[in-house]
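Let's take a walk through this structure together. Have a look at the chain and its ligands, and then we'll go through them piece by piece.

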Amino acid sequence: MSQNSIKAWAAASAGDELKPFEYDPGPLAPEQVEIEVTHCGLCHSDLSMLDNEWGVSQYPLVPGHEAVGRVVALGDAAQDKGLSIGQAVGVGWLSGSCMHCNSCLSGDHNLCADNEVTIAGRYGGFADRLRAHWAWAIPLPESLDMASAGPLFCGGVTVFNPIVELDIKPTDRVGVVGIGGLGHLALQFLNAWGCDVTAFTSSEAKREEAMSLGAHHVVTSTDKASLKAVRESLDFILVTANASLDWRQFINALGPKGKLHFVGAVLEPIPVSVFDLLGKQRSVSASPVGSPARLRQMLDFCARHGIEAQVEPFPMSQVNRAVAHLKSGKARYRVVLENT
Ligand SMILES: [Zn+2]
Ligand SMILES: [Zn+2]
């Protein structure tokens with residue numbers, strides 16, 4: 001291995017433990033920047049990719065797509081793009097896009113058909129260094145803490161993006177399904193946005209926590225009576241859970257023109273009756289992570305409102321323990337690995 005080699009943690013095949021793994025990244029491409037990773041969040045999508053749940057994983061697989069660190073190198077064409085050596089930046093689910101398709105030219109880089117996924121077909125952020133296209137290395141506002149900022153780059157922007165895309169208004173009554181890595185950020189965002197926020201949780205034990213994160217009301221989604229009480233009352237429901245639930249009950253909780261929006265990767269098909277949508281002009285939709293501009297907008301919003309992820313730190317060397325902790329469902333709310 002050359003001096004240039006990157007030290008990472010990789011799984012050799014589906015379901016394997018992560019082991020130390022070193023690779024030579026080759027010369028830095030002109031448009032790329034290299035960052036020294038200080039922190040990297042652990043997202044449910046890392047678990048899905050490690051276990052090849054989506055059938056697209058390539059091994060050895062280095063997970064990690066909520067990376068925060070400092071710029072240590074800039075490619076020839078990345079010198080004058082607003083980034084400087086030593087600057088704190090973050091890299092999320094995407095680390096590149098073509099920059100010339102209609103989506104990219106419209107500012108929807110996150111919808112580019114030719115985008116680069118940080119942990120698919122390349123190596124991710126559970127490493128000492130990581131590379132990304134300059135446009136996808138997003139500067140971190142100074143008031144945000146590097147130790148807790150990582151989860152904003154995937155989980156955070158995933159729930160922030162639809163608030164802007166679907167034009168959610170401060171006068172709206174909204175719901176968040178699932179109070180985990182994504183949901184705990186969605187509650188904070190929607191509260192700061194000015195909405196009346198209802199948290200739907202399957203665990204009554206999360207009631208107090210949901211209120212402290214910004215929910216004005218909490219509905220236990222397994223309790224038919226409390227679900228009935230919110231019938232036809234909400235303008236927007238954001239689903240951050242990735243389990244199959246009784247979706248009809250949530251559709252019926254929507255008022256006229258209400259939107260049921262998915263950001264959790266629910267694998268099972270969702271049965272939808274046209275009649276449940278048609279009469280009240282309701283809709284069902286979904287979206288992925290956000291564009292670079294949306295990421296910047298979200299970070300600015302976090303800085304302004306003091307929004308941050310609640311994180312549980314683990315040293316990078318304890319990555320397998322961290323994975324087990326997230327799998328156990330006990331993470332409150334996001335596990336972040338630290339390079340020491
Ligand atoms: Zn993620
Ligand atoms: Zn493109």
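Helix 1 gives the largest share of the lining of the largest pocket, with four residues. Bear in mind that what you're looking at is a predicted model. The pocket holds about 1200 Å³ of space. Of the 48 residues lining this pocket, His44, Thr240, Ala241, Asn242 and Gly264 come closest to its centre. Which elements give two or more residues to the lining? Besides helix 1 (44–50), they are helix 4 (155–165), strand 11 (196–201) and helix 11 (319–327). As for chemistry, the lining splits into 22 nonpolar, 20 polar and six charged residues.

Now go to Cys43, which sits in the loop between strand 3 (32–42) and helix 1. Its relative accessible area is 4%, so with the cut-off for buried at under 20% this cysteine counts as buried. Cys43 (SG) is one of the donors to the zinc ion (ligand 1), together with His65 (NE2) and Cys154 (SG), at 2.0 to 2.2 Å. Along the chain these donors follow the spacing C-x21-H-x88-C. The two cysteines link distant parts of the chain: Cys43 is in the loop between strand 3 and helix 1, while Cys154 is in the loop between helix 3 (146–149) and helix 4, 111 residues apart. Cys154 is buried too, with a relative accessible area of 5%. While you're at Cys43, try its C-alpha distance to Trp93: the two residues are 50 apart along the chain, and their C-alpha atoms are separated by 9.8 Å.

On to the other metal. What coordinates the zinc ion (ligand 2)? Here the donors are Cys98 (SG), Cys101 (SG), Cys104 (SG) and Cys112 (SG), at 2.3 to 2.4 Å. The site is tetrahedral, with angles of 105 to 116° among the four donor atoms. For reference, the ideal angle at a metal with four tetrahedral donors is 109.5 degrees. In sequence, the donor residues are spaced C-x2-C-x2-C-x7-C. Cys101 is in the loop between strand 6 (94–96) and helix 2 (102–105), and Cys112 is in the loop between helix 2 and strand 7 (116–117), so this pair ties together parts that are eleven residues apart in sequence.

How exposed are these donors? Cys98 counts as buried at 17% relative accessibility, and Cys112 is buried as well, at 4%. Cys101, at 22%, counts as partly exposed, because the buried class stops at under 20%.

With cysteines on your mind, you might go looking for cross-links. How many disulfides does a search of the whole structure find? It finds zero. A disulfide would be a covalent bond between the sulfur atoms of two cysteines.

Next, the backbone. Most residues other than glycine have a negative phi, and most peptide bonds are trans. With that in mind, check the peptide bond from Tyr59 to Pro60, which is cis, with omega near 0°. Pro60 is in the loop between helix 1 and strand 4 (67–74). Another cis bond runs from Arg332 to Tyr333, with omega near -10°. You'll find Tyr333 in the loop between helix 11 and strand 17 (334–338).

Then there are the phi angles. Glu232 isn't a glycine, yet its phi is positive, at about 55°. This glutamate is placed in the loop between helix 7 (224–229) and strand 13 (234–239), and at 37% relative accessibility Glu232 counts as partly exposed. Lys257 also has a positive phi, of about 60°, although it is not a glycine. Where does Lys257 lie, though? Its place is in strand 14 (residues 254–262). Lys257 is exposed, with a relative accessible area of 55%.

Last stop: Gln318, in the loop between strand 16 (311–315) and helix 11. With a relative accessible area of 29%, Gln318 is partly exposed. Its C-alpha atom is separated by 31 Å from that of Val239, a residue 79 positions away along the chain. And helix 11, at one end of this loop, takes you back to the beginning of the tour, as one of the elements that give two or more residues to the lining of the largest pocket.

Note on methods:
Residues are numbered from 1 along each chain as its sequence is written. Chains are lettered from A and ligands numbered from 1 in the order in which they are written. This is a predicted model: local features need pLDDT of at least 70, side-chain atom pairs count only at pLDDT 80 or more; totals for chains, interfaces and linings use all residues. Side-chain values use heavy atoms; hydrogens and water are left out. A disulfide is a pair of cysteine sulfur atoms within 2.5 Å. Buried means under 20% relative accessible area, exposed over 50%, partly exposed in between (1.4 Å probe, protein chains only). Donors are N, O and S atoms within 2.8 Å of the metal (3.2 Å for Na, K and Ca); water is not among the atoms, so sites may look incomplete. Four donors count as tetrahedral if all angles lie between 85 and 135 degrees; four count as square planar and six as octahedral if opposite donors are over 155 degrees apart and all others between 65 and 115; anything else is irregular. On a 1 Å grid over the protein atoms alone, a cavity is a set of points where a 1.4 Å probe fits but cannot get out, and a pocket is an open set with protein on both sides within 12 Å along at least five of seven lines; lining residues have an atom within 4 Å of a point. Grid points are joined across faces, edges and corners, and a volume is the space filled by probe spheres set on the points. Ala, Val, Leu, Ile, Met, Phe, Trp, Tyr, Cys and Pro count as nonpolar, Asp, Glu, Lys and Arg as charged, and the others, Gly among them, as polar.
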